[in-house]
Amino acid sequence: MTISEMLGQSGLLTLLGMCVVFFFILIMICAMGLLHAVVRGLKLDKAESKNTKTSKPAASSAAAKPAAAAVDQGAIIAAIAAAIHEKESV
């Protein structure tokens, strides 16, 4: 078997592998789209039902999260400032 034959065979095998992967990805996309349609059609989506039942408590918990994040950011900023001050003083 010559070098050109081996290169041709390896190129063909590479293209075959890429086609298999491409078609598998297409099948996965189609299956996920079909599953999405079935779940929405049968109203099995739990995220929608939770949002309709608990709209007010979700809003109050969402308002509490930014305040906690602001406290955490203040602590982070203080730690960074202390580290910079320590580095500059050495």
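Leu-26 is partly exposed, its relative accessible area being 34%, where partly exposed denotes the range between buried (under 20% relative accessible area) and exposed (over 50%), computed with a 1.4 Å probe on protein chains only. This residue lies in helix H1, which covers residues 3-41; helices here are DSSP runs (H or I) of at least four residues, numbered from the N terminus. The structure is a predicted model, in which local features need pLDDT of at least 70 and side-chain atom pairs count only at pLDDT 80 or more, whereas totals for chains, interfaces and linings use all residues. Residues are numbered from 1 along each chain as its sequence is written, and side-chain values use heavy atoms, with hydrogens and water left out.

The protein has a mean pLDDT of 83, with 72% of its residues at 70 or more, pLDDT being the predictor's confidence in each residue on a scale from 0 to 100. Among the elements of the protein, H1 has the highest mean pLDDT, at 97, and helix H2 (residues 46-53) the lowest, at 60.

Leu-26 also belongs to a nonpolar surface patch that includes Val-21, Phe-22, Phe-23 and Met-32 and has about 910 Å² of accessible area together. Such a patch joins nonpolar side chains (Val, Leu, Ile, Met, Phe, Trp, Tyr) within 5 Å, from residues with over 30% relative accessible area and no salt bridge, and the areas come from the Shrake-Rupley method with a 1.4 Å probe. The whole structure contains 1 aromatic pair; because the ring centres of Phe-22 and Phe-23 are 5.7 Å apart and their planes stand at 70°, this pair is edge-to-face, given that rings pair with centres within 6.5 Å and count as edge-to-face when their planes are over 60 degrees apart, as stacked under 30 and as tilted otherwise. Phe-22 itself is partly exposed, at 48% relative accessibility.

A search of the whole structure finds 1 salt bridge, defined as a side-chain nitrogen of Lys or Arg within 4 Å of a carboxyl oxygen of Asp or Glu. Arg-40 forms a salt bridge with Asp-45, the closest N and O atoms lying 3.8 Å apart; Arg-40 is partly exposed at 42% relative accessibility, as is Asp-45 at 24%. In the loop between H1 and H2 is Lys-43, which has a positive phi of about 55° although it is not a glycine, and which is exposed at 72% relative accessibility.

No disulfide (a pair of cysteine sulfur atoms within 2.5 Å) is present, the search of the whole structure finding 0. Cys-19 is partly exposed at 39% relative accessibility, whereas Cys-30 is exposed at 55%.

Notes. Phe/Tyr/Trp six-rings, centres within 6.5 Å; stacked < 30°, edge-to-face > 60°. Patch = residues over 30% accessible without salt bridge, like charges linked within 9 Å, V, L, I, M, F, W, Y side chains within 5 Å. Helix = DSSP H or I, 4+ residues; strand = E, 2+ residues; numbered from the N terminus.
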